[in-house]
Amino acid sequence: MGLNTIQTYIAWNYHETVPGRYFFEGQKDLVKFIELAQQQDLLVILRPGPYICAEWDYGGFPAWIYSMCKDKIRTSDATYMKLVDRWFKNLFPRLEHLLYENGGPVIAFQVENEYGSYGCDHEYMNNMVDLLKKYVPSSLLFTTDGASDGMVKCGSTNRTYTTVDFGPGGDPSHSFDVQRKFQPKGPLVNSEFYTGWLDHWGEKHHRTSADLVASSLDKILALNASVNLYMFIGGTNFNMMSGANMGGDGLQPITSSYDYDAPISEAGDPTEKYWKLQKVISKYTAMPPGPQPKPSEKLPYMKVPLASSQSLFDVVSQLPANVSKTPQPFAWLDLAQGWILYEVDISGASGNDLILDLGAFSDRASVFVDKKFQGILNAKYGSKLVIEHGQTLDLFVENEGRIGYSHAMVDASKGIKSNVTLNGSPLLNWKMWPVRLVPPEMSSTPTPFLKMLNRKIKNRNNDVTNDATWVVPSLFSFSFMLDEPKDTFLKLDQWTKGAIIINGMAQKYWTEAGPQKTLYIPSTYLQPHMKNTLIVFETDRSPTNASDFYIEFVDTPIFV
């Protein structure tokens, strides 16, 4: 391709999922990743945050930090800065031997991330510079902000190198003029040249013309500028780590796929855009020797029938409940991603119409009376619903992703955050069950919820013709054998919304909303010569016909 440097974020919430415990093993082995880049003669630029955006949950902040800092994130607040320092104190010693001055490939670190889009607190930015210099005193530090006077003024410092970011289209010299106002000398740098764009559930898939991106890149390189392709390789928000944005219509959850219409796809395959950008780059630098990249071999089409199923209510009934007089949010249960099932007695309710009001909650709640579905409440549309009389009220509340951009991210609480009332009277004495699909350390060890599910599945021979198996939320189990694992895409056309779990990895789907219609399953999450079990956790509406209880694996992704 002709590129010489890898630039990557370091997500705090990926490595310190539990306060004071750090995970850098397996897929989280940052040092090994950097060493692999060095073996390929690539330099490395690191963006350690602590805020990274990246459409990642909470912009990279650990969920647990909210209860400690609330709206003081990205400020000079003493508690916040102390937590950042603790994180850096664990992170940077791991990287010391990889710094350029020590013979490693790491040449620079970004300070914060596009701070000019969030605030204008130069004291905070200078405190962040001091903190980074404490650990990497000799390394180049830089900032990046959108190419506008206001953003760069607020996000840059006179102690770091100032860069800008912008996408294709227009004259790049205008954007670099902004950089020059604040960085009179040194190379022109676009730290994020957008090769595509992100997707939200419920919107059309974003595609950016390969010709437009190539033409704009040509103009940038003609100015002898340095440029980072964001994204060069698409990715996947495994284990439900996709974040959200706040739009005019409320919360905008981000898809599991972060394919980004990048030059190299989510599955690692070169696209038309890759070849066109390579042709442009070859005008300015020699192409490295060696073979050109090829698409990975994919599994052939495979259709897998249902093996068994379990109702969510049946699974949690075997688990101990968390009890509180009032409903509690996710943080109270130390739950970062997933769902909470809330339950309360309503047998004493009176009146012809029962008006349920959830008050303040995030983000989406399915409502049941005596396990009978009543409706869905979405925080951006309202908190009230007329329900039937009954003995027990259940609320199944989903965290659809924490906001990772703009001041809206200061409210990162999820779940029910106030009293829940029925005809104006608070409902008291609640039971709560966290539905956690991935353990806090994001290992392959099953959570208590999945352990109970697996135990019940082993003891059940399922008949999908029984209407009781169609009650949602439910978990549907599918098993298959493979001689040789290969990359594949899971197609869930007849399923509605929920998550899948396979061999320790989880992803969310929302087929009904789109634009993502398939889930990328890398070969590394499939096992040869033994049973692979995939769970479909359907939260909204399962198939209506017994013949539709199946899943499909296909060899190409589907976006609409």
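How many salt bridges are there between domain 2 and domain 3? Let me come to that by way of the layout, and let me say at the outset that what we have here is a predicted model.

The domain assignment of the protein chain gives domain 1 as residues 5-282, domain 2 as the two segments 302-311 and 440-554, and domain 3 as residues 326-428. The C-alpha centres of domain 2 and domain 3 lie 26 Å apart, and the contact draws nine residues from domain 2 and nine residues from domain 3.

Turning to area, about 770 Å² is buried between domain 2 and domain 3, and carbon and sulfur atoms give 55% of that. On the domain 2 side, the residues that lose the most area to domain 3 are Lys497, Lys508 and Asp540, which together make up 45% of what that side buries.

Now to the opening question: the count between domain 2 and domain 3 is four salt bridges. Across the interface of these two domains there are also four residue pairs in polar contact, with both residues at pLDDT 80 or more. By class, the side of domain 2 that touches domain 3 has five nonpolar residues, one polar residue and three charged residues. At the level of side chains, Lys497 and Glu400 meet in a salt bridge, at 3.6 Å from N to O.

Glu400 brings me to the cavities. A search of the whole structure finds four cavities of 30 Å³ or more, and the largest of them has a volume of about 120 Å³. That largest cavity is lined by 16 residues, and those nearest its centre are Ser242, Glu398, Asn399, Glu400 and Lys508. Sorted by class, its lining has six nonpolar, five polar and five charged residues.

So much for the layout; please do look at Glu400 and Lys508, both among the residues nearest the centre of the largest cavity, while Lys508 is also one of the residues of domain 2 that lose the most area to domain 3.

Methods: Residues are numbered from 1 along each chain as its sequence is written. This is a predicted model: local features need pLDDT of at least 70, side-chain atom pairs count only at pLDDT 80 or more; totals for chains, interfaces and linings use all residues. Side-chain values use heavy atoms; hydrogens and water are left out. On a 1 Å grid over the protein atoms alone, a cavity is a set of points where a 1.4 Å probe fits but cannot get out, and a pocket is an open set with protein on both sides within 12 Å along at least five of seven lines; lining residues have an atom within 4 Å of a point. Grid points are joined across faces, edges and corners, and a volume is the space filled by probe spheres set on the points. Ala, Val, Leu, Ile, Met, Phe, Trp, Tyr, Cys and Pro count as nonpolar, Asp, Glu, Lys and Arg as charged, and the others, Gly among them, as polar. Domain bounds come from an automatic or database domain assignment. Contact means heavy atoms within 4.5 Å. Buried area is the accessible area (1.4 Å probe) that two parts lose on being put together, summed over both. A polar contact is a pair of N or O atoms within 3.5 Å; within protein, one must be able to donate a hydrogen and the other to accept it, and residues adjacent in sequence count only if both atoms are side-chain atoms.
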